[in-house]
Amino acid sequence: MIRFVTSNRGKFIEAQRILGGIVQADLGYTEIQADTLEEVVLFGLKELSTRLDSPFIIEDAGLFVEALNGFPGVYSAYVQKTIGNSGILRLMDGIENRAASFRSVVGYSAPGMEPVLFKGELRGVIGFEARGTGGFGYDPIFEVDGRTLAEMDLEEKNMISHRGRSMKALKRWLESQ
Ligand code: ITT
Ligand code: NA
């Protein structure tokens, strides 16, 4: 059984649908201030591997808005907690270039092996208002082909999303081991 160390239930449910037998472990770990999601994940894996003696995964994700030079990026969790979706919409007021992407980096660690990372990306646009009740976080303001991720069900989001892609890559790798 693989543990997914995360405080985010939405993330866990999406990953669970793809990976099957995983359990959520809300253990907490140090999320360093770094320039990339990869660095955050590698540091977290290293720290947790000293505390856990069985296989586990962690994931760091972020929203990268082109017109804001990649903000909120690695600060996505803090920005969601502080200014939230309405804050992002306000920052985008009057900005024509709405291009944005979600990125996910998932890391797997097991005793006696080097950790491995898998990535996924989803390109879309920041909408002009929040719509939809599904998903979590920035989903209501992130649109793909005219619909927000919060207007899609879990299956549909998983089919195209950053997390869907990173978790499917992890799944393929696990099956090849
Ligand atoms: P962890 O315990 O796993 O770290 P977290 O919610 O803090 O959970 P992150 O550090 O990866 O997750 O923070 C990413 C932020 O971006 C956070 O505010 C999420 O709500 C948001 N986010 C991540 N994936 C998302 C998705 O698929 N759709 C919308 N928002 C997402
Ligand atoms: Na986090």
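## Contacts of ligand 1

In this predicted model, let's start with a lysine: the side chain of Lys11 places an N or O atom 2.8 Å from an oxygen atom of ligand 1. A second lysine joins in, as Lys157 has a polar side-chain atom 2.8 Å from an oxygen atom of the ligand. Asn8 adds a further contact, with a polar side-chain atom lying 2.9 Å from an oxygen atom of ligand 1.

Taken on its own, ligand 1 has 610 Å² of accessible area, and the protein covers 91% of it.

## The pocket and its shell

Where does ligand 1 sit? Its place is in the largest pocket. There are 20 residues around the ligand, and those that come nearest are Thr6, Ser7, Lys11, Asp139 and Lys157. Lys11 and Lys157 are thus familiar names by now, having appeared above with their 2.8 Å contacts to ligand oxygen atoms.

If you are setting up a view of the site, three elements are good to pick out: strand E3 (56-65), helix H3 (76-82) and helix H6 (162-176) each give at least two residues to the shell around ligand 1. By residue class, the shell is made up of six nonpolar, seven polar and seven charged residues.

## The loop between E3 and H3

Strand E3 and helix H3, both contributors to the shell, have a loop between them that holds Asn69 and Pro72. Two backbone details can be found here. The peptide bond from Phe71 to Pro72 is cis, with omega near 0°. Asn69, a residue other than glycine, has a positive phi, near 55°.

Why pick out these two details? Most residues other than glycine have a negative phi, and most peptide bonds are trans.

## The sodium ion

Ligand 2 is a sodium ion, and which residue supplies its protein donors? Glu31 is listed twice, each time through an OE atom, and these donors lie 2.3 to 2.9 Å from the ion.

As for its place in the fold, Glu31 belongs to the loop between strand E2 (22-25) and helix H2 (37-49).

Definitions and conventions: Residues numbered from 1 in each chain as written. Chains lettered and ligands numbered in written order. Predicted model: local features only at pLDDT ≥ 70, side-chain atom pairs only at ≥ 80, totals over all residues. Heavy atoms only, no water. Donors = N, O, S within 2.8 Å, 3.2 Å for Na, K, Ca; no water. Helix = DSSP H or I, 4+ residues; strand = E, 2+ residues; numbered from the N terminus. Near = heavy atom within 4 Å. Polar contact = N/O pair within 3.5 Å; in protein donor to acceptor, adjacent residues only side chain to side chain. Areas by Shrake-Rupley, 256 points an atom, 1.4 Å probe, with all protein chains shown as cover. 1 Å grid on protein atoms, 1.4 Å probe; cavity = no way out; pocket = protein on both sides within 12 Å on 5 of 7 lines; lining within 4 Å. Sits in = over half its atoms within 2 Å of the grid points. Nonpolar A, V, L, I, M, F, W, Y, C, P; charged D, E, K, R; others polar.
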